[in-house]
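Biologist: Hello! I am new to this structure and would love a close look at one part of it. Could you walk me through the aromatic rings?

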Amino acid sequence: ILRLDAKGRATNPLEYKRMTADVDFDGALMDPKLAKVFLADSDMDVPAFHIKGTANARGLEYGADFRLTSTAGDVAADGHVALTPEKYNVTADVKSLDVARFAPSLGIGHVTASVMAGGRGFNPLSGTAVTDAKVRIEAIEYRNRRYDDIRLDALLHDDGNLNLLLSSANPGLNLDLNGSGTIHEDDYTVDLQADIRDLDLKTLGFTDSICRGSGIITLAGNAKPGRWLYDVDMSLTDFNWDMNDMYIHLPGGARVVVKADELATSADIDSYKAAVRFRSPNGMKTLVEGFTQVADTLMAQISRKDINMDVLSASMPRFTLDLGAAGSGLLGQFLTPSGLSVDSVWGHLEQDSIFQGNVNALSLNTGGISLDTIGLKLNERGPLLDYKLHIGNRPGTFDEFARVNMNGYLGNNRVSAYLQQRNIKGEQGYRL
């Protein structure tokens, strides 16, 4: 049923740091029923197999060279690893290995592949690691689909330079990724381009709903996360993405630029008929901590039903935010699934000595109601937030509510509203 032969020698077996050992082993499982007894509570199904090889130890350096043949596929591997210093060298060849027999929950079936990897350092982000890894997947079954000829190369030089390549031409996983960069302690740079011809995240098991598309993604930048310093430029070209209830089409592409140093943070988003500009005379760390505190304070005030702008403003970082978007562009692609449409939207928000801003829209249509002009102004006044809302409509749109103005404030456990409404003839209507 089960056979295991081993022979070798060992010195200092009880002192692992000084131990030296060499072992030749030869084993086989002839009847898988024995394995099922020990794995009764798991979904693993160990097949009959034969394994033969050698293993050795030299202090904190270990190695093994073996070949495994089974009714579920074959594996040949040769590997060495040293814990001090951290070094490794691995070569493995897998032929028609049915991974589902060993680990059904992974969704992986038969695999034919080869792996070669060698390097120094187990933490690739340490700035001192070195890696040369090549993965070739001749064929792999994943989630009942077969993928062929997948290539992955990763090369991390001793000077911190990194090169990365991923290539696949399979339906749902059809892409080429080429990247380079540098890795040093708390100092990373990247220059990457991904040509995505067809990527289906639902088929790959990353999402439960439709999420599929294509496009070219370019990413370049530098990051020092420990110091909250970032300089990142990302572009999308010929980007099309289909989701469960939304389709994003960017014929002109999109670009996102984020810069943050100790004294200032800026973010710019330019896309299909849409633009966003954010500026702050604060570093990103101050921004994140400040807005997190504002959010926590606001939620506590809402639970008490007592909004206090003095308190919110005291912890709110200084910033300006400008936005503008046409309904015929990217904004419309987000609104359409909800049955909404708009000609254009623009606005400005800022926090300097006080919080203030405005948001405006033209030709808003909710499906049942059409409004020609909408404008909202906000202004902090001590613990209160003043607001002014204006709605204007042309003849034939919403004649009885041709002009609507509502002023008021929010805060100190109170809400006030003063509303005036006139029809298209200018006649006074509601006055509340």
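How many aromatic pairs does the count come to?

Modeller: Happy to help! Please keep in mind that this is a predicted model. The count comes to three aromatic pairs. Let us start with Phe239 and Trp241: their ring centres are 5.7 Å apart and their planes meet at 10°, so this pair is stacked, as planes under 30 degrees apart are. Both Phe239 and Trp241 are buried.

Now turn to Phe291 and Phe319, which make an edge-to-face pair. Here the centres are 5.7 Å apart, with 65° between the planes. Phe291 sits in helix α3, while Phe319 belongs to strand β19 (residues 319-326), so their pairing ties together parts that are 28 residues apart in sequence. The two partners also differ in cover: Phe291 is partly exposed because its relative accessibility is 31%, whereas Phe319, at 9% relative accessible area, is buried. Along with Phe278, Phe291 and Phe319 form one aromatic cluster.

While you are looking at helix α3, which spans residues 284-304, find Gln301 in it too. Gln301 has a relative accessible area of 2%, so this residue is buried. Its side chain reaches the backbone nitrogen of Asn308 at 3.0 Å. Leaving aside residues up to four places away in sequence, Gln301 touches Asp306, Ile307, Asn308, Val311 and Leu312.

Note on methods: Residues numbered from 1 in each chain as written. Predicted model: local features only at pLDDT ≥ 70, side-chain atom pairs only at ≥ 80, totals over all residues. Heavy atoms only, no water. Helix = DSSP H or I, 4+ residues; strand = E, 2+ residues; numbered from the N terminus. Buried < 20%, exposed > 50% of the residue type's maximum accessible area, 1.4 Å probe, protein only. Polar contact = N/O pair within 3.5 Å; in protein donor to acceptor, adjacent residues only side chain to side chain. Contact = heavy atoms within 4.5 Å. Phe/Tyr/Trp six-rings, centres within 6.5 Å; stacked < 30°, edge-to-face > 60°.
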